[in-house]
Amino acid sequence: MKTARARRKVADKLGPERWVRAGFDALVRGGVEAVRVEPLAVDLGVTKGSFYWHFVDRGDLLRQMLARWEAGGTHQIIERLRGSGAPAREQLTLLMAICQEHANGSIEGAVRAWGATSPEAGEVVARVDRTREGFVEGLLREMGLSADSARHRTRALYLALLGEFARTASGAEPTSPVVWKEVLTILTSR
């Protein structure tokens, strides 16, 4: 058992990011209902007081989890790709590689399941979908595809990636990069 002093020392080093990660772990394990302050504090080996140092309440933690999922899984990736200065096809290839690196879509699936039961989370999921699809659609347009074709192919790719995340989250082997290369070839052909 940790002494009060040892717990305080851990709590001092424990920033909000650790709480958010613990929240995601709980979300993956048991859904949004599993994201509770007391069990998270036990998992992290601290008191609830540490939580309230960083968050107003559980709702604040949940909002920060959604914000970090949106930023890390969407905005930061898009900024990285746009900032590369690479041609559109190369950006799309890099995006596919990033998606393959994160093939275990357990957080993606857990957030989407949460979004199906929570209007606030559902709104964030819908916004992320629009942003991601808009980015890919823009790349396809830069590659010379018509607006309709770019929109349809973007949706096909997005659905394939969501399916891949669902497959791998349930333990299936990730799809071979060779298959994804073929998918990319089909989607970008005129």
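**Exercise 1. Burial and overall build**

Find what share of the chain's residues count as buried, then describe the fold in outline.

*Solution.* Step 1: of the 190 residues in the chain, 39% count as buried. Keep in mind that this is a predicted model.

Step 2: turn to the secondary structure. The chain has ten helices and zero strands, and along the sequence the pattern reads α-α-α-α-α-α-α-α-α-α.

Step 3: add the dimensions. Along the principal axes, the C-alpha atoms fill a box of roughly 65 × 30 × 30 Å.

Step 4: look at how the sequence folds back on itself. Among contacts between residues at least 6 apart in sequence, 66% join residues at least 24 apart.

**Exercise 2. The two sides of α3**

Work out which residues of helix α3 (residues 37–44) are buried, and where they sit around the helix.

*Solution.* Step 1: pick out the buried positions, which are V37, L40, A41 and L44.

Step 2: check their directions. These residues cover an arc of only 100 degrees around the axis, so they lie on the same side of α3.

Step 3: now view the face turned away from that buried side. There you will find the exposed residues E38, V42 and D43.

Step 4: go just past the end of the helix. G45 follows α3 and takes a positive phi of about 75 degrees.

**Exercise 3. Three salt bridges compared**

Describe the salt bridges E33 with R36, R112 with D129 and R155 with E133, and decide for each partner whether it is buried, partly exposed or exposed.

*Solution.* Step 1: recall the idea. Side chains of opposite charge can pair when their charged atoms come close. The whole structure holds twelve salt bridges, and we take three of them here.

Step 2: start with E33 and R36, whose closest N and O atoms are 2.6 Å apart. E33 has a relative accessible area of 53%, and because the cut-off for exposed is over 50%, this residue is exposed. R36, at 33%, counts as partly exposed.

Step 3: move on to R112 and D129, with their closest N and O atoms 2.4 Å apart. This pair links distant parts of the chain: R112 belongs to helix α7 (residues 106–115) and D129 to helix α8 (residues 119–142), 17 residues apart. Both R112 and D129 are buried.

Step 4: finish with R155 and E133, where the closest N and O atoms are 2.9 Å apart. Here too distant parts of the chain are linked, as R155 is in helix α9 (residues 147–169) and E133 in helix α8, 22 residues apart. R155 is partly exposed at 45%, while E133 is buried at 13%.

Step 5: see what else R112 and D129 belong to. Together with E108 and R132, they are linked in a network of salt bridges.

**Exercise 4. The largest pocket**

Find which elements line the largest pocket and which residues are closest to its centre.

*Solution.* Step 1: note the volume, about 800 Å³.

Step 2: look towards the centre. Of the 32 lining residues, the closest to the centre are G72, G73, I77, E108 and R132. You have met E108 and R132 already, as members of the salt-bridge network.

Step 3: list the elements that give two or more residues to the lining: α2 (16–30), α5 (58–83), α6 (88–101), α7, α8 and α9. The largest share, nine residues, comes from α5.

Step 4: sort the lining by class. The lining has 16 nonpolar, nine polar and seven charged residues.

Notes:
Residues numbered from 1 in each chain as written. Predicted model: local features only at pLDDT ≥ 70, side-chain atom pairs only at ≥ 80, totals over all residues. Heavy atoms only, no water. Salt bridge = Lys/Arg side-chain N within 4 Å of Asp/Glu carboxyl O. Buried < 20%, exposed > 50% of the residue type's maximum accessible area, 1.4 Å probe, protein only. Helix = DSSP H or I, 4+ residues; strand = E, 2+ residues; numbered from the N terminus. 1 Å grid on protein atoms, 1.4 Å probe; cavity = no way out; pocket = protein on both sides within 12 Å on 5 of 7 lines; lining within 4 Å. Points joined across faces, edges and corners; volume = space filled by probe spheres on them. Nonpolar A, V, L, I, M, F, W, Y, C, P; charged D, E, K, R; others polar. Arc of directions from axis to C-beta. Contact = heavy atoms within 4.5 Å.
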